[in-house]
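Biologist: I'd like a close look at one part of this model. Could you pick a single residue, walk me through it, and show me how it fits into the rest of the chain?

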Amino acid sequence: MMVLTCLLLVTIMVGLWRVVMGPSRIDRLIAVQLFGTAGTALLLLLSQTQRIPALLDAALILALLAALLSAALVQYMRGDQHD
């Protein structure tokens, strides 16, 4: 489990680098989606290893918020192209 957790943390760090240094908006959007996915997976792993069922609820909420954020960012980016 420790290897998976470290891999997820490395994935989040690479995503953060892509958000800061990304060449385009699409790269940044995909990195934000990566945060939601990796964060949800990290919470699920912690829930299993620490035996804290409340983290399952937090993972579900994070997954829903990540999906809503992605949809909102797409709409925002779509609006910028028409101006």
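Modeller: Let's start with a word we'll need: a residue counts as buried when its relative accessible area is under 20%, and as exposed when that value is over 50%. Keep in mind that this is a predicted model. With that cut-off, buried residues make up 23% of the 83 residues in the chain.

Now for our close-up, tryptophan 17. You'll find tryptophan 17 in helix H1, which covers residues 2-21. Is tryptophan 17 buried or exposed? Its relative accessible area is 52%, so tryptophan 17 counts as exposed. And it has company: Trp17 joins Leu16, Val20 and Met21 in a nonpolar patch on the surface. Together, those four residues have about 460 Å² of accessible area.

Okay, let's zoom out. Helix H1 belongs to a chain with three helices and zero strands, so reading along the sequence gives you the pattern α-α-α. Picture the C-alpha atoms filling a box of roughly 50 × 25 × 10 Å along the principal axes. Among the contacts in the chain with a separation of 6 or more, 45% come from residues 24 or more positions apart.

What about the outside as a whole? The chain exposes about 6,000 Å², and carbon and sulfur atoms supply 73% of that area. As for charge, there are 5 positive and 4 negative side chains, and the centres of these two sets lie 8 Å apart.

How values were computed:
Residues are numbered from 1 along each chain as its sequence is written. This is a predicted model: local features need pLDDT of at least 70, side-chain atom pairs count only at pLDDT 80 or more; totals for chains, interfaces and linings use all residues. Side-chain values use heavy atoms; hydrogens and water are left out. Helices (H or I, at least four residues) and strands (E, at least two) are DSSP runs, numbered from the N terminus. Buried means under 20% relative accessible area, exposed over 50%, partly exposed in between (1.4 Å probe, protein chains only). Contact means heavy atoms within 4.5 Å. Accessible areas come from the Shrake-Rupley method with a 1.4 Å probe; for residues, only the protein chains shown count as cover. Lys and Arg count as positive and Asp and Glu as negative; His and the chain ends are not counted. The place of a charge is taken as NZ of Lys, CZ of Arg, CG of Asp or CD of Glu. Patches are made of residues with over 30% relative accessible area and no salt bridge: like charges are joined within 9 Å, nonpolar side chains (Val, Leu, Ile, Met, Phe, Trp, Tyr) within 5 Å. A salt bridge is a side-chain nitrogen of Lys or Arg within 4 Å of a carboxyl oxygen of Asp or Glu.
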